[in-house]
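User: Please take a close look at the pocket in this model. I'd like to know what lines it and how the rest of the fold is laid out.

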Amino acid sequence: MEPILHRRVLLGVTGSIAAYKTAWLVRDLVKAGAEVQVVMTPAAHDFVTPLTLATLSKRPVLTDLFLRDGSGSWNDHVSLGRWADVLVVAPASAHTLAKMAQGLCDNLLLATWLSATCPVYVAPAMDLEMFADPATAHNLDLLRQRGVHTIGPESGELASGLEGAGRMTEPMDIVHRLATDLMEGSPLAGKRILVTAGPTREAIDPVRYIGNRSSGRMGFAIAEEAAARGARVELVTGPVELTTDRPGIVRTDVESAADMAQACKERAPEADIVIMSAAVADHRPAAPAGSKIKKDEGHLELVLERTEDILAWIGKRRRPGQVIAGFALETEEGLESARGKLERKGLDLVVLNSLQDEGAGFGHATNKVTLVTRDKDPERLPLLPKAEVARRILDAIERRLKG
Ligand code: CTP
């Protein structure tokens, strides 16, 4: 199976001949869905060009802690360490391993590794005698004791022409190892999931619309959490002011309920899971004006018509095994109506949003929801940050997937 790695990978490249293989490593990481930031040690520049790795990773390669361009700027190793979900040093030369074991930090990669709090992997690569040397073995032992994970090295033909242990593990095997360690175990790994977010805008005329107060935060939080658990996420969003750089999310921007319906109809048949968190308009102007409506004396009447119920359309066509979740927004106690929605729209889960609680619902960073399923008692959650609500919703979906 193709590995999936929706992670921000900080790839440290050091001065070993195996650095030439990092071109493939970057390509394989990107193909697996990772976002890759390469940091090279100065010695690595003798073995592979930054241009190659920058092109493949689609990001400038970083080397220097301090920029020598007179600007007084520097590459912030603390932010880099915090950005990374995982730090991989491949190839890890004997010299870099020794410096890591000693806690030295005379270049950007080492300063970043000392400030990183994420899991760290090293893939040693060197000639067999260097690898067999007790100093190297001792350094690797020290690093392992401190929680650093090692990948390889493998035995085989070395650049020197000698045979033995010291070859860097093949790039695809490194990616598989990272994917296994970091992504597997989640029932969502590899699943296709369609998430909708935000409001819709229904045109009255070319400049005016009917909208709602949805910020899209809940849907984005679900999309990000699902991608972090290894899902391939299609995020269809109405107009929002949010961005996401989480690898594993393909974003499609739409405006009206009709646009959203079309985007969802194209994607839902393929999806293993559908989560409709968008606040889709139920009504739209029946005859939007082609040009801006001029003000007149007297009042203006707008005739509204129903929009298509996207969720009901998806529910009607559900495949066996497909899991479908909808949201409901209630100003009063809405358990009964949520249960009705489960039946009517053919859903597995309704996330019931309260509009009555302080800090819950549209525009807030927190939300208070009740998870309503067919066979279990409703799960009332306290007021929680939306990221945590997203986790609870996906936990419920994972339980459903497990049967
Ligand atoms: N939905 C949809 N298509 C629409 C309207 C809503 O897919 N045209 C989805 C929403 O994304 C949400 C759920 O349906 O997941 C909300 O259902 P809805 O019946 O609109 O409920 P409420 O808005 O909560 O309330 P009411 O039933 O009172 O209208």
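Analyst: Helices here are DSSP runs of H or I with at least four residues, strands are runs of E with at least two, and both are numbered from the N terminus. On that count, the protein has 13 helices and 21 strands. Keep in mind that this is a predicted model, where local features need pLDDT of at least 70, side-chain atom pairs count only at pLDDT 80 or more, and totals for chains, interfaces and linings use all residues. Residues are numbered from 1 along each chain as its sequence is written, and side-chain values use heavy atoms, with hydrogens and water left out.

Now the pocket. The largest one has a volume of about 830 Å³, the volume being the space filled by probe spheres set on grid points that are joined across faces, edges and corners. A pocket here is an open set of points on a 1 Å grid over the protein atoms alone, where a 1.4 Å probe fits and protein lies on both sides within 12 Å along at least five of seven lines; a lining residue has an atom within 4 Å of a point. In the largest pocket 39 residues do the lining, and Ala278, Ala279, Val280, Phe327 and Leu329 are the ones nearest its centre. Two or more lining residues come from each of α9 (217-228), β15 (304-306), α11 (310-316), β16 (323-330) and α12 (335-345). β16 gives the largest share, 4 residues.

That same strand, β16, also sits in an open sheet of 8 strands, ordered β12-β11-β8-β13-β16-β17-β19-β20 with mixed pairing. Pairing takes at least two DSSP bridges between two strands. At the edges are β12 (249-253) and β20 (379-380), each paired on one side only. Further in, β8 (residues 192-197) and β13 (residues 273-276) run parallel and are joined by 4 bridges. For one of the contacts between them, look at Thr196, whose bridge partner in β13 is Met276.

Zooming out, the C-alpha trace spans about 85 × 55 × 35 Å along its principal axes. Of the 403 residues, 50% count as buried, meaning under 20% relative accessible area (exposed is over 50%, partly exposed in between, with a 1.4 Å probe and protein chains only). Val89, in strand β3 (residues 86-92), counts as buried because its relative accessibility is 1%. Its C-alpha is 6.2 Å from that of Tyr121, although the two residues are 32 apart along the chain.
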